[in-house]
Amino acid sequence: MTASTLLATAVLVATDTAVPIALTSGGNPLEHSLRAQYHLTPPADWLSDPQRPIYAGGKYHLYYLHSDQNNGHGGWRHATTTDGVVFKDEGIAIAKGPDFPVWTGSGVVDTNNTAGFGAGAVVVLATQPTGGNRFDQEQYLYYSTDNGHTFTAYGPPVISNPDGSDWFRDPKIEWDPVANRWIAVIGRLQSAVFYTSPDLKNWTYRTTFSYTTPNIGGFECPDLFRIKADDGTWHWVFGASMQGDYSGLQNTFAYWTGSWNGTAFSPDAADPRWLDWGRDWYAAVTWPNQAAPDTSRFATAWMNNWQYAPRAVPTDDTDGYNGQMSVTREINLAKDGSVYELRSRPIPALDGIVTKTITPANVTVNNGAVELGYHGTAYQLDVDVSWSSVTNVGVSVGQSADKTRQTNIGIFGGNKLYVDRAKSDQPNYTFGQWQKSESTIPATTSAHLRILVDRGSVEVFLDNGETVHSNTVYFRPGDAGVSLYADGGSATFANIAVKEFRDTTTAPTRRRRGRGSRARRTRRAGRRRAPRSGPARPRAG
């Protein structure tokens, strides 16, 4: 039986039969898996940027960057899903060549055979550094005639690097139904460039979209799509994963609503909105919901941040992998006064993996903390919180028995939503200065919190999904308690519901690494992006 067959047929993470290993230097018992239970993780090794899924053969096909070295060169690994929740590993779809990695891009189903590879062929554009030179990033074409399982390289670049820049990457392809041709948007430093093509092979540069003040860095993994809002009007949305930390903002997905005239994107407003305010929602992709493609899209992102991504994490030691995707969310475009904004909610198909629903009684907390009486590591917690006068109110998750470890999700001063993971940090895998995420919200005395907790992450959706915070967290085995808190007054926690999720993992075995192994792995890993210096965060060769 091949390795790929094993991966496809395994259902749960199997433990090794060897004698249990002592604590690592990170303090995590190796006999306890920390693998995420209901988030997509790689069977082993390094996972990063997702590639926008395509729908073919009755399934969504998601690809992601994968390497056998942390932050090393690699190719595209393939996973399929019918519901956006349970994924089946399909092995490597596009492998790297010698000193010739495959970086981020996107694929489309060429229904009308515009490229000539056959009606329904899957056509991909992906960035590769020609000759292994990271300053020669160019766009290469691959095609598949078996629903995206195997790919053939077309040949030389179809979009050449115009100026030798190491910021010319991550092409996203979209169909323009008015002009009847393809669009490709490619990320650059503080800008994105638009190309058009009749056949996915021959591309013409059209325009550049720039955003320089405040400085939020380069446009990585840009996205462009058309969607119908809740008032029935059509809009174009353009966005990208940005490095907002240059200007005290988050490193997540910024977007503009606007219009596309066939050659250029015109935003409705000068400054972007943000689809996530957490620390770990990068390289995001969106794709049509096949059940309602005009009004609904799905989205996911790599749960990491380039401030600390190129290093080992606890699951390197306990489970032999590094990286996970966010939970799939559904996004819709809503009109709010005179503006349009994307709103998010966890994909409804999560209800299909619920094993138990617990509904604790309402709780009133007066200037202190009260244990909820629930312990778990893979669940969704919904709660309505209301107060008249408090300074700080929220929920602690991942709480240790002695209360020294926990992650706090709360609202401060009635207008600041935050996730503070400082007390869940681990010295050997620290997030450093990036412990807390925070966003300003309209002043309020009530809120609905939907909190998704997995073994290594916390995702928070506020009210109707206007604000979301996604963060990885370094929980230890036993960090499973939940408490409710209020400072400076009284708060009521009502309509509490906890949904426990089954384990959707498809990795075949626990691959442990000892202390020396983890250290060697980190030292030898090639950096895909070099340390930041000045305005650029280049991708390293």
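**Burial and overall make-up**

I began with burial: 59% of the 541 residues of the protein count as buried, and I keep in mind that this is a predicted model. I then listed the secondary structure and found three helices and 33 strands in the protein. For the contacts, I took those between residues at least 6 apart in sequence, and 63% of them join residues at least 24 apart.

**The sheet that holds β18**

I next looked up an open sheet of four strands, which has the order β18-β19-β21-β22 and antiparallel pairing. At its edges I find β18 (282–288) and β22 (339–346), each of which pairs on one side only. From one strand to the next, I note a twist that averages 35 degrees.

I followed β18 in more detail, and it is joined to β19 (residues 297–302) by five bridges, with the two strands running antiparallel. Two of the positions I looked up are Tyr282, which stands opposite Trp302 in β19, and Pro288, whose bridge partner in β19 is Arg297. Is β18, as an edge strand, left open or largely enclosed? I counted six of its seven residues as buried, that is, under 20% relative accessible area, so β18 is largely enclosed by the rest of the structure.

**The sheet that holds β9**

I turned to another open sheet of four strands, in the order β9-β10-β11-β12, and its pairing is antiparallel. Here β9 and β12 (204–210) stand at the edges with a single partner strand each, so one side of each has no neighbour in the sheet. Neighbouring strands of this sheet are turned against each other by 25 degrees on average, direction ignored.

For the pair β9 and β10 (residues 181–188), I find six bridges in the antiparallel sense. Within this pair, Lys172 stands opposite Val185 in β10. I remind myself that strands of a sheet pair through backbone hydrogen bonds, either parallel or antiparallel.

**The largest pocket**

Which strands supply at least two residues each to the lining of the largest pocket? I find β1 (45–56), β5 (105–110), β9 (169–176), β14 (234–241) and β18, so two of the strands I had already followed, β9 and β18, come up again here. The volume of this pocket is about 710 Å³, and its lining has 26 residues, of which Val109, Glu174, Trp175, Trp182 and Pro288 are the closest to its centre. I had met Pro288 before, as the bridge partner of Arg297.

**Enclosed cavities**

I searched the whole structure for cavities of 30 Å³ or more and found four. The largest cavity holds about 240 Å³ of space, and 17 residues line it, with Val313, Thr315, Gly456, Thr472 and Tyr474 the closest to its centre. Among the elements, α2 (314–318) and β20 (321–322) each supply at least two residues of this lining.

**The largest nonpolar core**

I then looked at the largest nonpolar core, which has 34 residues, and those with the most contacts inside it are Val393, Val395, Val397, Leu449, Ile451, Val458 and Phe493. The elements that give two or more residues to this core include β26 (392–399), β30 (446–454), β31 (457–462) and β33 (481–501). The largest share, seven residues, comes from β33. In soluble globular proteins, nonpolar side chains tend to be buried together.

I picked Val458 for a closer look at its neighbours, leaving out residues up to four places away in sequence. Val458 touches, among others, Val397 and Ile451, both of which are also on the list of core residues with the most contacts, and further partners include Thr407, His469, Asn471 and Phe475.

**Two loop positions**

Is Asn261 buried or exposed? I located Asn261 in the loop between β15 (253–260) and β16 (265–267), and at 58% relative accessibility it counts as exposed, because the cut-off for exposed is over 50%. I also noted that Asn261 and Ala179 are 82 residues apart in sequence and 8.7 Å apart in space, C-alpha to C-alpha.

My last entry is Gly58, in the loop between β1 and β2 (59–67). Its relative accessible area is 41%, so I record Gly58 as partly exposed. From Gly58 to Thr80 I note 22 residues in sequence and 10.0 Å in space, C-alpha to C-alpha.

Technical notes: Residues are numbered from 1 along each chain as its sequence is written. This is a predicted model: local features need pLDDT of at least 70, side-chain atom pairs count only at pLDDT 80 or more; totals for chains, interfaces and linings use all residues. Side-chain values use heavy atoms; hydrogens and water are left out. Two strands pair if DSSP finds at least two bridges between them. Axes are lines fitted to C-alpha atoms, for helices over the stretch in contact, and angles run from 0 to 180 degrees between N-to-C directions. A nonpolar core is a set of buried Ala, Val, Leu, Ile, Met, Phe, Trp, Tyr and Cys residues joined through side-chain atoms within 4.5 Å. Buried means under 20% relative accessible area, exposed over 50%, partly exposed in between (1.4 Å probe, protein chains only). Contact means heavy atoms within 4.5 Å. On a 1 Å grid over the protein atoms alone, a cavity is a set of points where a 1.4 Å probe fits but cannot get out, and a pocket is an open set with protein on both sides within 12 Å along at least five of seven lines; lining residues have an atom within 4 Å of a point. Grid points are joined across faces, edges and corners, and a volume is the space filled by probe spheres set on the points.
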